[in-house]
Amino acid sequence: MTEAVKTPWHLWAVGVVSLLWNAFGAFDYVMTKMGNAEYMAAFTPEQQAYFTSFPLWANVGWALGVWGSVLGSLLLLARSRHAVTAFLLSLVGLAISSIYQFGMHYSDLERMFGTFPMIFTAVIWVIVIALFLYARAQTSKGVLR
């Protein structure tokens, strides 16, 4: 018989904070995809056109990035080892989205938004990599089952 591993306090803290962080990304995704007029009013017509011009593969990347992280956060809170896979999917989605934005449209992005997207995306990369590594470490310790 194996002894149950006690859930460390930091799992709940990381899970809740990551879920709140990723909920902002989910909100942005939903409002943008639904074309919510009030939300989109914060952007210029050119910026709005940029968001609606994403090809299917870039939209798939954005969706994987956002929803993979939301799912990963929920799975952390459920103490599921599948959080690792969800965060890995999120990283794949972030890579696809980054290739589109920075590899193919960086000059447009910089002209319309300045350096903010580059800085913010770097922060997202750091957070998702940290969440992936955290989930993997908690799985190897037997906290996530």
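User: How do I read the way two helices pack, and what is the handedness of the crossing of α3 and α6?

Analyst: Happy to help! Two packed helices are described by the angle between their axes and by the distance between those axes. In this predicted model, the crossing of α3 and α6 is left-handed. The axis of α3, residues 45-52, comes within 10 Å of that of α6, and the two cross at roughly 145°.

User: Which residues of α3 and α6 meet there?

Analyst: From α3, look for Glu-46, Gln-47, Tyr-50 and Phe-51; their partners in α6 are Leu-109, Arg-111, Met-112 and Phe-113. Sorted by class, this contact holds five nonpolar residues, one polar and two charged.

User: Let me try another pair. At what angle do α1 and α7 cross?

Analyst: Good choice. Helix α1 spans residues 9-34 and helix α7 spans residues 116-140; their axes cross at roughly 145° and come within 12 Å. The crossing of α1 and α7 is left-handed.

User: Which residues in α1 and α7 meet?

Analyst: On the α1 side you will find His-10, Leu-11, Val-14, Ser-18, Trp-21 and Asn-22. Facing them in α7 are Phe-120, Val-123, Ile-124, Ile-127, Leu-131, Tyr-134 and Gln-138. The contact of α1 with α7 has nine nonpolar and four polar residues, with no charged ones.

User: Now a single residue. Is Thr-32 buried or exposed?

Analyst: To answer that, we look at the relative accessible area. Thr-32 has a value of 8%, and buried means under 20%, so Thr-32 is buried. Thr-32 sits in helix α1.

User: What is Thr-32 in contact with, leaving aside its neighbours within four places in sequence?

Analyst: Thr-32 touches Tyr-39, Met-40, Phe-51 and Trp-62. You have already met Phe-51, one of the α3 residues in the contact with α6.

User: Finally, how do I read a pocket? What is the volume of the largest pocket?

Analyst: We can ask about its volume, then its lining. The largest pocket has a volume of about 800 Å³. It is lined by 29 residues, and the closest to its centre are Asp-28, Trp-62, Phe-120, Thr-121 and Ile-124. Trp-62 is also a contact of Thr-32.

User: Which helix gives the most to the lining of the largest pocket?

Analyst: That is α1, with seven residues. At least two lining residues come from each of α1, α4 (56-77), α5 (82-104), α6 (106-113) and α7.

User: And how do the lining residues of the largest pocket divide into nonpolar, polar and charged?

Analyst: The lining has 17 nonpolar residues, 11 polar and one charged.

Notes
Residues numbered from 1 in each chain as written. Predicted model: local features only at pLDDT ≥ 70, side-chain atom pairs only at ≥ 80, totals over all residues. Heavy atoms only, no water. Axes fitted to C-alpha atoms, helices over the stretch in contact; angles between N-to-C directions. Helix = DSSP H or I, 4+ residues; strand = E, 2+ residues; numbered from the N terminus. Left-handed = near helix turned anticlockwise from the far one by under 90°. Contact = heavy atoms within 4.5 Å. Nonpolar A, V, L, I, M, F, W, Y, C, P; charged D, E, K, R; others polar. 1 Å grid on protein atoms, 1.4 Å probe; cavity = no way out; pocket = protein on both sides within 12 Å on 5 of 7 lines; lining within 4 Å. Points joined across faces, edges and corners; volume = space filled by probe spheres on them. Buried < 20%, exposed > 50% of the residue type's maximum accessible area, 1.4 Å probe, protein only.
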